[in-house]
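Dear colleague,

I am passing on a structure for you to look over, and my notes on its strands follow beneath it. Please read them alongside the coordinates.

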Amino acid sequence: QVQLTESGGGKVQAGGSLRLSCAASARAFPNYAMAWFRQPPGKEREFVGVVSRTGGTSYADFVEGRFTISRDNAKNTVDLQMTSLKPEDTAVYYCAASPATATDARPYFAWGQGTLVTVSS
């Protein structure tokens, strides 16, 4: 069983930066692809980005080079560095684990509780 805990959310002004972190409990962490999803207020959850077991990354189109996902297999953590934040980035951000690298939510079997990011204009 994998437990994921996000941290680092908060309020930031448009144009600012924020770094989210996700800590995993499992020793098998290096075997999982790790993704970030988000759910804006009143909207469906959407894919943000993923880092594969080997460190390759893929991002949603709306990221436009503003976000970077990184993982540290020694610490069992995955981070989401967000820059040039926009009000439309306001959402609850979730990290998730999957045995396969994917951009949709179906393969992800473990989810964190989420952390709220609020970007003001």
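**Strand pairing around β11**

Lys 11 has Thr 118, in β11, as its bridge partner. Please bear in mind that this is a predicted model. The strand that β11 meets here is β2 (residues 10-13), and the two run parallel, joined by four bridges. β11 also pairs with strand β9 (residues 91-98), this time in the antiparallel sense and over three bridges, and within that pairing the bridge partner of Tyr 93 is Thr 115 of β11.

The two faces of β11, which spans residues 115-120, can be told apart by their cover: Thr 115, Val 117 and Val 119 make up the covered face, whereas Leu 116, Thr 118 and Ser 120 lie on the uncovered one. In a regular strand, side chains alternate between the two faces of the sheet. Thr 115, the partner of Tyr 93, thus belongs to the covered face, while Thr 118, the partner of Lys 11, belongs to the uncovered face.

**The open sheet**

Elsewhere, four strands form an open sheet with antiparallel pairing, in the order β1-β3-β8-β7. Its edge strands, each pairing on one side only, are β1 (4-7) and β7 (67-72), and from one strand to the next the twist averages 15°. At the β7 edge, six bridges link β7 to strand β8 (residues 77-82) in the antiparallel sense, and in this pairing Ile 69 has Leu 80 of β8 as its bridge partner.

With best wishes

Technical notes. Residues numbered from 1 in each chain as written. Predicted model: local features only at pLDDT ≥ 70, side-chain atom pairs only at ≥ 80, totals over all residues. Heavy atoms only, no water. Pairing = 2+ DSSP bridges. Axes fitted to C-alpha atoms, helices over the stretch in contact; angles between N-to-C directions. Buried < 20%, exposed > 50% of the residue type's maximum accessible area, 1.4 Å probe, protein only.
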